[in-house]
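Got the model open in your viewer? Let's walk through it one selection at a time.

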Amino acid sequence: MKDGADEETGMDLQQASAIMQETGDRARRALVVRRPVLLAVWGAAWMVSDGVIWLSVRGQRPYDGPTPAALLTLTMVIAAAAVFTVIYAGRAGSGVGGLSVLQRRILLLSYLGGYVALFLLEAAIDHAGASRAVLGVYGAAAPILLVALIIAASGAVFLDWSLFGLGLWLLAVAAGSGFAGPVTVWAVSALAGGGALLVMAVIGLRWNRS
Amino acid sequence: MNIDGLDPVIHGPARLRIMVTLATLPEGDDLSFSRLQDLLSLTPGNLITHLRKLEDAGYVTTVRTGAGVTARTSVSLTRDGRAALARYTAVLRQLLDGAASQLPGSP
């Protein structure tokens, strides 16, 4: 096709339909951040990191807290998921501007600000003389509460009932998991928290395929 | 095959691809000229020509921001453009259904 030429003629109905299908598929693959992919990555990261912590504390009587190796594993798994997210979302969002970009930045800042606040609050609880067991329950359940609230609020922002439902489920997990005690709370978090994200990812992928 | 009823501004391979690509983004989002060009594998001159035609019809807007190396031209679908593509899609579907029903052996 020559520069500036307007040879836009001779396209029949089937060709138009095929162009729409093919272009739409290609644009979606290139531009859209697929939520099931992110849910799968973060669900797996959550399950592995809290699962490793549970493995490191499950024999402790009394509870003494995760081992340095388990905490290092948690940090590396979360960092790997974060790097994947930055690369994946950055690739899809390259050249894209506007409201959705702003929404994503506000969400990211909410997560970052929330985690900083959680760590500071944990330090304050520790400083106030909380036992290792209380810190264990807090360390496992408080992040679920943060994620639950942001996901439920995202359901309102994106008018998405499935996100809202996931947020409500995680709120229930956050509220109920603490009763499992400082050891089992990590297993509950891994299975009911990370597992819920993985289930949502599978449902989302199947829905997209159908 | 009869293409009456299809918007002639949209009904061309390059312009249809531009419209469909921009419609993938949520309302309120825009796409840089260079990313759009990359996605559609069109030359800059060709893309400009088709964008001008779509802009004249009120279907897309292009906004240039910054200067020099930070200059960025962004393209977005207008509300009219989104509505026009929806109409185009509906008419195309009707015409295809009509053509299918006229095939020998169809009920």
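## Stop one: where the chains share a sheet

Begin with β1(A) and strand β1 (residues 29-32) of chain B, which pair in the antiparallel sense over three bridges. Bear in mind as you click around that this is a predicted model. Pick A:G97 and look across: opposite stands B:D30 in β1(B). Then take A:V96, whose bridge partner in β1(B) is B:L31.

Now bring in the whole sheet. Four strands make up this open sheet, in the order β1(A)-β1(B)-β3(B)-β2(B), with antiparallel pairing. At the edges sit β1 (96-98) of chain A and β2 (60-65) of chain B, each of which pairs on one side only. Look at how the strands are turned: on average, neighbours in this sheet are at 35 degrees to each other, direction ignored.

What packs on the sheet? Show helix α4 (residues 99-127) of chain A, which touches β1 of chain A together with β1 of chain B. The direction of α4 makes about 85 degrees with that of β1(A). Next, show helix α1 (residues 13-24) of chain B, which also packs on the sheet and touches β1, β2 and β3 (72-77) of chain B. The direction of this helix makes about 90 degrees with that of β3(B).

## Stop two: the chain B side of the sheet

Select β1(B) and β3(B): two bridges join them, and they run antiparallel. Click on B:S32 and you'll find its bridge partner in β3(B), B:S74. Hold on to B:S74, since B:V63 stands opposite this serine too.

Slide over to β2(B). Six bridges join β2(B) to β3(B), again in an antiparallel run. The two strands form a hairpin with six residues between them. In the turn, select B:G66, which has a positive phi of about 75 degrees.

## Stop three: the contact between the chains

Color the residues where the chains touch. How many does each chain bring to the contact? Chain B gives 31 residues and chain A gives 26 residues. On the chain B side, the elements giving two or more residues are α1, β1, α2 (33-40), α3 (44-56) and α4 (79-101) of chain B. Highlight α1(B) in particular, as it has the largest share of that side, with eight residues. Recolor the chain B side by residue type and you get 14 nonpolar, 12 polar and five charged.

For a single residue to zoom in on, try A:M11, in the segment before α1 (13-31) of chain A. Is A:M11 buried or exposed? It is partly exposed, because 16 other C-beta atoms lie within 10 Å, and 20 or more would be needed for it to be buried. Leaving aside its neighbours within four places in sequence, A:M11 is in contact with A:A16 and, across in chain B, with B:H11, B:G12 and B:P13.

## Stop four: a helix pair in chain A

Hide chain B for a moment and select helix α2 (residues 35-57) and helix α3 (residues 68-93) of chain A. Their axes come within 8 Å and cross at roughly 175 degrees, so α2(A) and α3(A) are roughly antiparallel to each other. Turn on side chains: from α2(A), residues including A:V41, A:W42, A:V48 and A:V52 take part, and they meet a set in α3(A) that includes A:L74, A:V77, A:I78 and A:F84. The residues of this contact divide into 15 nonpolar, four polar and no charged.

## Stop five: the cores

Keep chain A in view. The largest nonpolar core has 35 residues. Select A:I53, A:A141, A:I144, A:L170, A:W186 and A:L197, the ones with the most contacts inside it. α2, α3, α5 (132-157), α6 (161-177) and α7 (181-209) of chain A each supply at least two residues of this core, and α7(A) gives the most, with 10 residues.

Center on A:W186. Setting aside neighbours within four places in sequence, this tryptophan is in contact with A:D50, A:I53, A:W54, A:V57 and A:A140. Then bring chain B back for the last selection: a second, separate core of 28 residues, which includes B:V9, B:M19, B:F33 and B:L85.

Notes:
Residues numbered from 1 in each chain as written. Chains lettered and ligands numbered in written order. Predicted model: local features only at pLDDT ≥ 70, side-chain atom pairs only at ≥ 80, totals over all residues. Axes fitted to C-alpha atoms, helices over the stretch in contact; angles between N-to-C directions. Parallel < 35°, antiparallel > 145°, perpendicular 65-115°, else oblique. Contact = placed C-beta atoms within 7 Å. Nonpolar A, V, L, I, M, F, W, Y, C, P; charged D, E, K, R; others polar. Core = buried A, V, L, I, M, F, W, Y, C linked by C-beta atoms within 7 Å. Buried ≥ 20, exposed ≤ 12 C-beta atoms within 10 Å, placed from the backbone. Pairing = 2+ DSSP bridges.
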